[in-house]
Amino acid sequence: MSLITAIPAADSAAALAHFEASFRYETDCWDVHDAISGGQQDFVLLDVRGTEKYATGHVPGALDLAHRKIIGAKLAEFPADTLFVVYCAGPHCNGAARAAVRLARLGRPVKLMSGGITGWLDEGFALATATNGRDNPSAAL
């Protein structure tokens, strides 16, 4: 018996419920890219790594808001039902999960972009860079 089968898999109904529910909490880099490039960005994308890392390269259209700086006042310009999608460095980083917790505590809808910058680059997508960490004047919150 391997470590894989030592604990039995969930039954199909439980597995279905689990995996279907996961889409309520996460999205992936491909879907984010598709929405942005197709002109269907109906969410606010937050790079939660910090301004210095944001400046070296970020997902195009993402706003710079470090997870430690997520407070109600910074989100006041967005309607209460705005969906925020958060990302950090990658699967080795829990900054996006920390950001998701902060947003959820503020009563904001949130999803995590699994893979973060690492996943974005693995998919072959380009990063935006800009002087002073901004690719547009309103990129930082």
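Here is a short tour of this structure, from model confidence through the sheet to the nonpolar cores. The model is predicted, and its chain averages a pLDDT of 92. At its heart for this briefing is an open sheet of five strands with parallel pairing.

**Confidence**
- A pLDDT of at least 70 is reached by 92% of the residues.
- Treat residues 131-135 separately: their pLDDT is below 50, and the stretch has 11 contacts in the model beyond near neighbours in sequence.

**The sheet**
- Reading across the sheet, the strand order is S1-S5-S4-S2-S3.
- S1 (26-28) and S3 are the edge strands, each pairing on one side only.
- S4 (residues 84-87) and S5 (residues 110-114) run parallel and are joined by three bridges; here Phe84 has Val110 in S5 as its bridge partner.
- Helix H5 (residues 95-105) packs on the sheet and touches S2, S4 and S5. The direction of H5 makes about 155° with that of S4.

**Strand S2 and its neighbours**
- Strand S2 (residues 44-47) is covered on both faces. Val44 and Leu46 are buried on one side, while Leu45 and Asp47 are buried on the other.
- Towards S4, four bridges hold the parallel pairing, and Leu45 has Val85 as its bridge partner there.
- Towards S3 (residues 63-64), the parallel pairing has two bridges, with Leu46 standing opposite Leu63.

**The nonpolar cores**
- The largest nonpolar core has 17 residues. Leu46, Val48, Ile70, Phe84, Val86 and Leu103 are those with the most contacts inside it.
- S2, S4, H5 and S5 each supply at least two residues of this core, and the largest share, four residues, comes from H5.
- Which residues does Phe84 contact, leaving aside its neighbours within four places in sequence? They are Val44, Leu46, Leu75, Phe78, Leu103, Arg108, Pro109, Val110 and Lys111.
- Apart from the largest core lies another of 14 residues, including Cys29, Val32, Leu45 and Trp120. Leu45 and Leu46, which sit on opposite sides of S2, thus belong to separate accounts: Leu45 is listed in the 14-residue core, and Leu46 in the 17-residue one.

**Ala9, ahead of the first helix**
- Ala9 lies in the segment before helix H1 (12-22).
- Is Ala9 buried or exposed? Ala9 counts as exposed because its relative accessible area is 74%, and the cut-off for exposed is over 50%.
- Along the chain, Ala9 and Trp30 are 21 residues apart, and their C-alpha atoms are separated by 28 Å.

Conventions. Residues are numbered from 1 along each chain as its sequence is written. This is a predicted model: local features need pLDDT of at least 70, side-chain atom pairs count only at pLDDT 80 or more; totals for chains, interfaces and linings use all residues. Side-chain values use heavy atoms; hydrogens and water are left out. pLDDT is the predictor's confidence in each residue, from 0 to 100. Contact means heavy atoms within 4.5 Å. Buried means under 20% relative accessible area, exposed over 50%, partly exposed in between (1.4 Å probe, protein chains only). Two strands pair if DSSP finds at least two bridges between them. Axes are lines fitted to C-alpha atoms, for helices over the stretch in contact, and angles run from 0 to 180 degrees between N-to-C directions. A nonpolar core is a set of buried Ala, Val, Leu, Ile, Met, Phe, Trp, Tyr and Cys residues joined through side-chain atoms within 4.5 Å.
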